[in-house]
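User: I should like a close look at a single part of this protein chain. Please take one sheet, explain how its strands are arranged, and describe what packs against it and which charged side chains are involved.

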Amino acid sequence: MSLRVRLMVLSSAWLVFILVLFGGFLYWFVINITTKSEKELMLTKAKSILENKQVLDPKNWRSPNKLFAEFHVSDEMIRIVGMDGKVKVQLLNNEAIALKPPQVVDRRLFLIKRIDRLRYMYVLVPIQTQNEQIGVLEIGRLLHRWNDYMDVLLSAIVLASVGAVMISVIGSFFYSRFIFLPLRQLYNTMHMIQQSGTFRKLDDGFTNKTDELGKIGTTFNEMIARLEEQVLKQKRFVVDASHELRTPLTIIASYADMLRRWGGKDPALRDEAVEAIQDEANRLKGLVEALMQLADTEREDRLKPQPMDMLAVIRAAAAAMEIGFQRRIEVECEAKSIPMTGDPEKLRQLLIILLDNAVKYSSKPVRIRVASHEQTVRFEVEDQGIGFEEKELPYIFDRFYRVDHARERHTGGFGLGLSIAKNIVSRHGGTIAVRSRLGVGTRVAVSIPLDSGGLTAP
């Protein structure tokens, strides 16, 4: 069963339930209102009959005409039921009224019985003497007009309910078609994407709506745009990675071929080839490790936020780089500690990347300025190195982008460091910016929220 048919069935079933509930309540309400006056009249008659002292003496029950003649009217029954449940005296002119079985009650009771498609009302009142109950006075009456009114009312409720259900079914057919038209358009678009393998978006007529369907369409287009962007990035990444891998592999293959041909005869050539192959193999190993690091930073489940001291992480990273490169790295901060929530390992990796770039391309001391402002920690890594031109700034965070290819190859870089750094900062909900002047130096400014426990996807 399709969703459209289920919606039609459920809406119709719900309408039937409401109509039955409302119709039943209306029928019950009309019955109680219209029979109230009849109940009062019959109860008044019962009280008048019981005021006759002769009715309270069972010896007089043998003469019903004498007891009830002045109260009896057409299509009515008056009878007395003994405590044994048998009729002791009865006066009637419509045998159908007496078809109701006699019964003994100890309190007043009103009944409406349907006999041969006609409705009868009964009032039962206990007959009490000073000592005990001796019987039950029962008055029954045929409700002529009331029967007609109730039949008309019941017919009207049934016909109105059936008509409403039919109109609802027809209406639900059309409005469900109207409602599911955008969903069908969404399905067709998704099917075309699946069949063709190309990305498609919904038109403005779908997304410009302000209802939930419009929001779904807008979200769908945003998702498609993001997927398309990710696919393009993936393709570009594969192309860039292939290019980076091709160069060392070509060199290794060339020297290996040279060794195969002339390496055995020329020791100098053999040493040169072995050294070149070893250098390129190490370069390949470094490139693979850099790619693994990049993939690792993009895995959301690998981030482990916890309470930490950012200033301590910065000082530890600076100390490690001082020892490793035998370079002076100054940390400037007025505070003694900067508590925050984040992943200390990833933030340390961020500092190592920034400091590694700073010490590679400058010979003077590197300076780190740290400060916290309201709910944010900000630190700047500044070097006085060779810098780069302003036109390079829009591309420095791209994967495999290198400002100076010759320089990067000499220092062993792959153009992945700043891409990894930006990913780490973004996952912590922060920002990273670079300013540089050729021949003057470079400054990298990072700003991260102190409470970055809700780490975001890259």
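Analyst: The account below follows one sheet, beginning with its setting in the chain and ending with its charged residues.

The model is a predicted one. Its chain has 458 residues, of which 38% count as buried. The secondary structure consists of ten helices and twelve strands. Among contacts between residues at least 6 apart in sequence, 62% join residues at least 24 apart.

The part chosen here is an open sheet of five strands in the order 7-9-10-12-11, with mixed pairing. The edges are formed by strand 7 (329-332) and strand 11 (431-437). Each of these two has a single partner strand, so one side of each is left without a neighbour in the sheet. From one strand to the next, the twist averages 15°.

It is helpful to begin at the edge formed by strand 7. Strand 7 runs parallel to strand 9 (residues 366-373), and four bridges join the two. Two pairs of residues illustrate this pairing. Ile329 stands opposite Val366 in strand 9, and Glu330 has Arg367, also in strand 9, as its bridge partner. For a regular strand, a general rule applies: the side chains alternate between the two faces of the sheet.

The next pairing has another direction. Strand 9 and strand 10 pair in the antiparallel sense, over seven bridges. Within this pairing, Ala371 stands opposite Arg378 in strand 10. The two strands form a hairpin with two residues between them. In the turn of this hairpin, Glu374 has a positive phi of about 55°.

Helices also accompany the sheet. Helix 7 (residues 310-325) lies across strand 7, strand 9 and strand 10 (376-383). The direction of helix 7 is at about 165° to that of strand 7. Helix 10 (residues 417-427) also packs on the sheet, where it touches strand 11 and strand 12 (441-449). The direction of helix 10 makes about 145° with that of strand 11.

How many of the eleven residues of helix 10 are buried? The number is eight, so helix 10 is largely enclosed by the rest of the structure. To count as buried, a residue must have under 20% relative accessible area. The buried residues include Leu418, Ile420, Ala421, Ile424 and Val425. Ser419, Asn423 and Arg427 are also on the list. After helix 10 comes Gly429, whose phi is positive, near 75°.

The charged residues complete the picture of this part. As a general principle, side chains of opposite charge can pair when their charged atoms come close. By the rule used here, the model has 16 salt bridges. Salt bridges that share partners join Arg328, Glu330, Glu332, Arg367, Arg369, Arg378, Glu380, Glu382 and Arg443 into one network. Several members of this network have already appeared above. Glu330 and Arg367, which are bridge partners between strand 7 and strand 9, both belong to the network. Arg378, which stands opposite Ala371, is a member as well.

For comparison, the chain contains another open sheet of five strands, with the order 2-1-5-4-3 and antiparallel pairing. There, strand 2 (87-92) and strand 3 (109-115) stand at the edges, each with a single partner strand, so one side of each is left without a neighbour in the sheet. Neighbouring strands of this sheet are turned by 20° against each other on average, direction ignored. Strand 1 (residues 76-82) and strand 5 (residues 133-142) run antiparallel and are joined by seven bridges. One pair between them is Val81 opposite Val136. A salt bridge also reaches strand 5: Glu138 pairs with Lys100, their closest N and O atoms being 3.3 Å apart. Glu138 lies in strand 5 and Lys100 in the loop between strand 2 and strand 3, so the pair ties together parts that are 38 residues apart in sequence. Glu138 is buried, with a relative accessible area of 0%, and Lys100 is buried at 3%.

To return to the part requested, it is a sheet with mixed pairing, with helix 7 lying across strand 7, strand 9 and strand 10 and helix 10 touching strand 11 and strand 12.

Methods:
Residues are numbered from 1 along each chain as its sequence is written. This is a predicted model: local features need pLDDT of at least 70, side-chain atom pairs count only at pLDDT 80 or more; totals for chains, interfaces and linings use all residues. Side-chain values use heavy atoms; hydrogens and water are left out. Buried means under 20% relative accessible area, exposed over 50%, partly exposed in between (1.4 Å probe, protein chains only). Contact means heavy atoms within 4.5 Å. Two strands pair if DSSP finds at least two bridges between them. Axes are lines fitted to C-alpha atoms, for helices over the stretch in contact, and angles run from 0 to 180 degrees between N-to-C directions. A salt bridge is a side-chain nitrogen of Lys or Arg within 4 Å of a carboxyl oxygen of Asp or Glu.
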